[in-house]
Every structure is written in C-alpha cells, then in structure tokens.
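Visitor: Hi, could you walk me through this one? I'd like to start with the helices.

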Amino acid sequence: MKLQGRKIYPGRVEGEALVSAQGISFYGGVDPESGQVVERGHDLEGRSIAGKVLVFPTGKGSTVGSYTLYRLKAAGLAPLAIVNASCETITAVGCIIGEIPCVDQIDLSRLASGQRLRVDGESGTVEINLPAPLRGLERGSFAERTLTTRLPGIARKTIQNGDWPPDVRDQLAALADEMPHGTLRPVQGEHAPDIAQWERWMQPFLGQTWLEAPFFPAEMNFYRRVLEATRYYEPGATHGVDPFQSEKRAGMRGVLAQLQQAAADLAADAAGDCREALERLLHTAIWGNQADLSVWPAGGEAPASHEGEQRLAHLLIDQTAEAAAYITHPPDGLARVDFILDNVGLELAYDLLLTDFLLAHDLAQTVRFHAKPNPTYVSDATIPDVRLLVDHLAGAEAPEVRALGLRLTAALAE
C-alpha cells in the first residue's frame with residue numbers, strides 16, 4: 001500500500017516503523033545521548049527512535065528541538081525518516097539541517113509500529129508492509145555466497161577471458177579484491193549516459209559494505225562497475241565491447257546439436273496438430289531458461305534434457321494450453337507477438353525456433369524482440385547477440401538449422 005503525502009525533505013529510506021499517537025518534543029522529550037524518548041507519560045517513553053521510521057502527528061515544544069535532531073543525526077542516533085500528519089517548523093528545520101527524509105500529510109491511522117515502511121521524501125510517499133530486503137549478512141545464504149565468491153569470480157574470469165588493456169585488468173582486479181567488505185559507491189565515467197541515475201539510485205546505500213546493502217542494488221552495482229572497469233561507454237579500444245562476449249560465443253557454439261534435434265523433430269511433425277506442436281515449443285522455450293549462464297562461474301551442471309517430464313519438472317504454474325489456444329485461435333487476429341528476451345545460448349535459440357514457427361504458420365504477422373540495451377548479467381541477450389546467433393545458425397552445417405537461420409535472416413530483412 002502506498003500513501004501519498006507532501007515532501008518536506010528528500011531522501012529514500014526503508015526501515016521499521018515506530019508510531020506514536022502523541023506529539024514529540026525533541027528538546028527535553030528525547031535524550032540526545034541515547035536517542036530514547038524520556039518525556040514522562042509519553043506513549044514512547046523508554047523507546048529509542050534511532051534507526052526507526054518515526055511516525056507521530058506533529059512536533060511540539062522549544063525550537064531548540066531542531067538542533068536536538070541535528071545532534072542526534074551527528075551521533076548516529078537519529079530516526080531514519082520522520083512521517084507526520086502535519087509537520088511544523090521545529091521538525092521541518094531539524095530534518096533539513098540533519099538531512100533526515102521527512103514526509104507529512106500522511107494518514108497515520110494506516111501505520112503501526114513494527115511495519116516495514118519505505119519513505120520517499122522526493123515524491124512524498126510512504127509504502128507499507130514491504131518485506132525485509134535480502135542481504136549478504138546471513139552466513140551460507142545465496143546472497144552471501146554470491147557477493148563473497150561468485151561475483152568476484154566473475155570479475156576475475158572476465159580478466160582471463162578478454163584481451164584487455166592493463167588499466168582495464170587492474171580495474172577488474174580491484175573490483176574483485178574489494179568484495180565483499182569494501183563499501184559501495186556510485187559508478188564513474190565521463191561519457192556514460194546513466195551516471196546521474198546511478199548517483200541517485202545508490203545514494204541510500206553509500207558507505208554500506210557489499211554484504212550490508214540490500215542484495216539487489218549491490219548485485220546491480222557490481223555488474224555496472226564491470227562496465228565501468230572495461231570502459232564500455234568511454235572512447236577507446238574497448239568502447240561498446242561486451243565484457244562477456246567470449247562466454248556468449250562459446251554458448252552459441254554449444255546450441256547447434258540440441259537445436260538441430262529440435263528443428264528435425266518439428267519438421268517431422270509438420271503434418272501434425274499445430275496447437276500441440278506450439279505447446280511443446282512453448283515448454284521448450286521456457287525450459288531454455290534453465291540453461292542460464294548467470295550461475296557462471298559457479299560450475300553448476302546444466303539440465304541434461306528438455307524432453308518429457310524433465311522439460312516440465314520445475315514449472316510452478318503452467319498456462320501453456322491457454323496461451324496456445326489464444327495464439328492459434330485469437331478473437332480478432334494476432335498482429336504481433338512480443339518476446340521479452342533474457343538469456344543468450346539455448347534460451348535465445350529456442351525463442352528463435354518458436355519465432356520461426358509463429359511466422360511459418362501465420363500465427364503472427366510480426367514478431368518483435370525486446371533485447372537488453374547493454375550487457376548486465378553474464379548471459380544477457382543484446383541486439384548484437386540476436387544478430388550474431390541468427391548468422392551462426394545460417395552458417396550451420398546441419399541443413400535443418402541452416403534453413404532455420406536463413407528464414408530468420410529473411411524475416412529480419414523484412
């Protein structure tokens with residue numbers, strides 16, 4: 001649930017709510033040495049406001065309360081954010097000089113102590129009941145293993161598998177060495193188009209270690225730092241070079257045998273039921289996601305087969321029949337099918353096989369691929385990756401695969 005209020009001071013934070021039905025006087029009502037509420041008879045008496053999203057109707061008392069808030073912030077005892085029904089001058093000034101995100105004009109009846117709240121001072125919103133973010137602090141967890149072992153391993157593998165200038169190799173090595181106990185920072189670069197966005201996105205997590213920060217922004221920061229280290233956006237020899245291109249090319253070489261069998265099976269079944277064949281192709285395309293390179297270099301084994309029960313083993317919800325029924329008998333004709341691409345290799349190859357089937361059987365007039373604008377994860381499918389794989393298929397020795405590649409080449413040309 002999101003509540004809309006008014007911006008008092010910007011900043012985005014997330015934390016546990018501490019809610020009071022009474023006004024708070026920071027001067028005399030809160031101990032600046034401990035962060036505890038000391039006002040006698042207050043409903044928060046004895047509670048610490050440090051690190052909480054402090055929710056109360058309005059401030060009260062002496063204007064010195066503004067400086068008490070500033071003093072609490074300097075001592076690391078301030079609330080993460082303040083949410084009011086009506087923010088008066090004392091609280092507003094304290095939040096401004098203490099740089100504490102603050103929002104008012106919020107319906108406080110919706111809020112309770114213990115809720116997890118996300119406060120966005122810029123938009124003046126408060127979101128309720130968010131789960132605690134995944135972090136790498138739990139020993140043995142997926143997040144801890146990823147930030148401690150897998151991501152630094154990816155940085156080192158990228159050094160080994162690329163013909164990088166010495167400064168790029170040094171930057172990648174430094175990134176690997178700082179994990180997981182170094183602190184997060186925004187990305188850098190004179191020519192990158194997303195620097196301002198990254199400065200804003202990383203602001204709430206600056207100074208936190210890779211393990212302390214929420215896992216998702218930490219992981220995203222790592223992959224963006226790889227592009228920074230390889231000077232992906234900067235002029236020079238490595239401009240626009242995909243840091244994971246060698247892995248992607250190796251993955252493309254490995255798809256031919258499996259795609260050859262799938263294409264041969266499809267050709268042999270050409271006279272069969274179109275809807276049944278479409279359902280199998282949809283299942284096969286979904287199965288391809290299990291061959292994701294994002295576990296690299298963890299050394300996990302790829303699934304051995306996409307046949308029968310193995311292909312359906314991990315589906316939680318299966319609406320393939322409904323999708324196939326709609327595609328084969330749409331109420332008003334199906335002008336276009338869109339693919340949101342994820343990974344290269346087998347997954348992209350099966351997407352291309354499904355695309356060819358849709359076009360060949362007039363199940364769609366147009367197929368549109370939405371590819372990643374730049375490489376992020378190891379296996380992300382970008383526009384150059386799509387074209388490279390189509391060319392690879394068109395040059396294959398197996399006649400079924402070569403014919404598939406040539407049809408796709410013609411479809412791209414159209």
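**Helices and strands**

Guide: Happy to. The buried residues of helix 8 pack against helix 4 (142-161), helix 9 (256-268) and helix 14 (383-394), where contact means heavy atoms within 4.5 Å. Helices (H or I, at least four residues) and strands (E, at least two) are DSSP runs, numbered from the N terminus. This is a predicted model, in which local features need pLDDT of at least 70, side-chain atom pairs count only at pLDDT 80 or more, and totals for chains, interfaces and linings use all residues. Residues are numbered from 1 along each chain as its sequence is written, and side-chain values use heavy atoms, with hydrogens and water left out.

Visitor: Which residues of helix 8 are buried?

Guide: In helix 8 (residues 245-253), they are E247, K248 and M252; buried means under 20% relative accessible area, exposed over 50%, partly exposed in between (1.4 Å probe, protein chains only). They cover an arc of only 140° around the axis, so they lie on the same side of helix 8. That arc is taken from the directions from the helix axis to the C-beta atoms.

Visitor: Switching to strands: which way do the side chains of strand 9 point?

Guide: They alternate along residues 336-340: V337 and F339 are buried and point to one face, while R336, D338 and I340 point to the other and are not buried.

Visitor: And what does strand 9 join?

Guide: Strand 9 runs parallel to strand 10 (residues 366-370), with five bridges between them; two strands pair if DSSP finds at least two bridges. The bridge partner of D338 in strand 10 is R368.
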